[in-house]
Structures are given as C-alpha cells and as structure tokens.
Amino acid sequence: MEKREEHPSSQGEEELLHEMVMHIHEQPCRIVLAITGGGVGAIEQLLKYGGGSATLLEATIPYSSKALDDLISRKPEKYASPMTVRTMAMAAYRRALSLTEDDELVRNKDLMGVAASCKLSAGSDEREGREHEIYVGIQSFDRTVVMSLRLGQGRSRQEEEYIATCMIIDSITRECGWDGQMLLNRLLDSDEFIEEREASASEEVAKMLSRPDSIMKRPDLKPDVVRLNLKDKEITDKPEIIFSGSFNPCHRNHILMAEQAFRKLGKNVHFEISVTNVDKPPIDFISLQERLNSLKAYKDRDFPGNIYLTVAPLFIQKAQIFENATFIIGADTANRLFKVRYYRNEDDMKNMLAEFREKNIHFLVFRRKDVELRIEPEISDLCEVVPLEDYEDNGISSTAIRKEMNIE
C-alpha cells in the first residue's frame, strides 16, 4: 500500500486549537477525562496554555485492559466501541460528581465525564485489514453523546494520534457552546465522517444519576422512583407484579415470563429498571433509551403495566418501593438472591428475609434450562416456582441475543 503524505499540524490549526482550548477554559465546565488507545495529546492541550486547573478535575489513562476493566468494573465485549466509551464517560462523570460539591454546576450541565477509546495504527506488525477507529463519549447531567470515526488507510500513527486529540478537543469545545470552525473539518478526507448518537433524559431521571454512590447504595433509604407510561393510556393501579431486570434488550423469554405471570395472577406486569448497579457505572441515557424502546415494542399486548425507573439495584431496596408485591425472577437470580455467600454474613440474609416477610414480598420463580434451581425449605413461603412445562425457556441468554441483534 502506498504511504500517504504526512499531515503535520499547520500554524492555522495550532492557532485554532489554542483558541478552542482557551474557549473551554473560559466556560464554567469541569471535566474528568479518561482516555485509552490514543488521543492523550488532549490532556497536554488542556494544560499547556494555562488555566487548565479551572477546567480539568482529573485525567486518567487506563491503557492496559486490566486498568480499563477496573475503570468500568467489567470486561467489555470490545475495548474500542461506542458502548465501551459511553461506559467510560459515565464512570468519568460519576468520578466528577465525587470531586465537586457544586450542585449548580451539576444542574447547569457544566460537569462532564469525557472519554475516548481508540484503535490506531500498530505499525509494521499490524494485521492486514485492521480497522482504525476513534470513539469519543461525553456524559453530563441529562445527556449522553457518542461520536464514532473510522479512519482511512495509510495514515501514520502520529497523524492518527493528532486526529484523536483534535476529535476530543472538538467534542469538548462544542459541548461548551463553541459555534466556530471545528479542527476535524481540516483534517479528514472526503470519505471519512463522524457518526454521532445522543440521548437526553428528563430532569427527574437525570437527578437519579447525580446522587453520590454512598446514598444510592444505602438499603435503609427509600430510593428515587420515576414512573413512565408504557401504554398510550395511564395505568394508575398499584403495582402488584414487578418484573425487575436490565432488559438489554427485552426479548422472547422476558415476554413469555410476563405473559405467564399475567395469566396466573390476573394483574398487569410492571417493569422496573434500576439505572444504577452495585459495582458498575450507571446506565447511560442512550442505553436506557434502547432498553425502553425494547419494552415499548410490546405496549399493545394485554399484560404490560408501567415502567418504573429506580436507583434500587438491590432487592432489599426494591422492597422499600413495592410493598405487597410479587417479583418475577429467573432461576439464576433466585440462586444468587437466596445464597448466603452473596452477603457479608448469614445474619444479613436473615434480616433481608425478615424484611421481605414484613413487607409482604413474594417471588414468582421461573426455571431455566440447564440451571439447577435451589430453593431451601426456610424460604419456600416466599417463592412459587413455575415449572419448565409451563414456561418454554429456549435457553438463549441475553448476551447471545445481543450478538444476534448486533447490539453491544
């Protein structure tokens, strides 16, 4: 392959870059930046002209796979992808929240988690046909944005690094209200273009993610709840059947379980999604919108009730919200929920079971192919098990379904 000409930064580009960085520093924005795979020059640019301490709260470079796994608290299916960079941006945003106590900064959307994940040239050892990609994600109070760029062939590593740096600066500057020329307009070829996705949230949903971790994980506090209509008409009945899950996406097995519960118990099935996790960053707003859309595909069926968004990742927290309710759970969840080793000690589990009984919480447990269900006698009063012959589980996991549907 013929090597293309180098594209060193011109004087005009350097002046524009300087102007954009100074614009960022003049705004009230505060940023935590997480970068992997390339584009670390963005950190230098934010600091080289002075004034960077007013903008940059923290910068981290989780370059090894283990470091990135630790940042997002899981091993991603792909290290350079829109989903991974959105999760990185959310982790950076949560870190930014922990570094500031300025509620006005949060509400005014001036606090941001910015992330970049790049797959750039590996030099002479690179396998033929390997794609070079740059992903930039930004998470703020009520907005998630992700930008994707696939680079053409023939650029040097240095040139790709410069493009990644400029893409990060472009993205931050635009979020800070810049309406002038963008750096990438000067750098990209005619067949290179940025794909962009974004999703916003209402203020009451956005507020859920602006709570400190110490509050969101406390089982003694009743968590925030937002009710969304799933059907075109409002359902005001008290939720008595709750299907809690990530619904990433909602699929055939979920629907079969919900329909079976509806027929068995004669009540609408209400869906609950916790936007927070115990040990992972919260759901970003693009992911949340995808999950809600997958549920809304079934809004015309008889069984659905409402959708409830919560900050209740633990069932003990869900019981605080939905007293006198029956929760639909699968065999995997049941085995985890009622297993002592998932708690600090046996007393914690006993306290949880006492809380369930006090709040009249029950569980409708659906068996799953190839999963051994273990319901101990002392919890049999809390659980009703639906046999496999009543529920045709096909054994396909949500992970396999996402791969089949090309969803991250």
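## Tyr63 and a surface patch

Tyr63 sits in a loop of this predicted model. The loop runs between strand 2 (56-60) and helix 3 (65-72). Tyr63 also helps to make a nonpolar surface patch, together with Val40 and Ile61. The patch covers about 280 Å².

## The whole protein

The protein has 408 residues, and 51% of them count as buried. Its chain forms 15 helices and 13 strands. The exposed area is about 19,700 Å². Carbon and sulfur atoms supply 45% of that area.

Now take the contacts with a separation of 6 or more. Residues 24 or more positions apart account for 75% of them.

## Helix 6

How far apart are the end C-alpha atoms of helix 6? Helix 6 covers residues 157-175, which makes 19 residues. At 1.5 Å a residue, helix 6 should span 27 Å. Its end C-alpha atoms are 27 Å apart, so the expected span and the model agree.

Helix 6 is mostly covered, with 15 of its 19 residues buried. Gly177 follows the helix. The phi of Gly177 is positive, near 90°.

## Strand 11 and its partners

Which strands pair with strand 11? One is strand 8 (residues 241-244), which runs parallel to strand 11 and is joined to it by three bridges. Here Phe243 has Ile328 of strand 11 as its bridge partner.

Another is strand 12 (residues 362-366). Strand 12 also runs parallel to strand 11, and five bridges join the two. Gly330 has Phe366 of strand 12 as its bridge partner.

Strand 11 itself spans residues 326-330. Four of its five residues are buried, so the strand is mostly covered.

Notes:
Residues are numbered from 1 along each chain as its sequence is written. This is a predicted model: local features need pLDDT of at least 70, side-chain atom pairs count only at pLDDT 80 or more; totals for chains, interfaces and linings use all residues. Side-chain values use heavy atoms; hydrogens and water are left out. Buried means under 20% relative accessible area, exposed over 50%, partly exposed in between (1.4 Å probe, protein chains only). Contact means heavy atoms within 4.5 Å. Accessible areas come from the Shrake-Rupley method with a 1.4 Å probe; for residues, only the protein chains shown count as cover. Patches are made of residues with over 30% relative accessible area and no salt bridge: like charges are joined within 9 Å, nonpolar side chains (Val, Leu, Ile, Met, Phe, Trp, Tyr) within 5 Å. A salt bridge is a side-chain nitrogen of Lys or Arg within 4 Å of a carboxyl oxygen of Asp or Glu. The expected span of a helix is 1.5 Å times one less than its number of residues. Two strands pair if DSSP finds at least two bridges between them.
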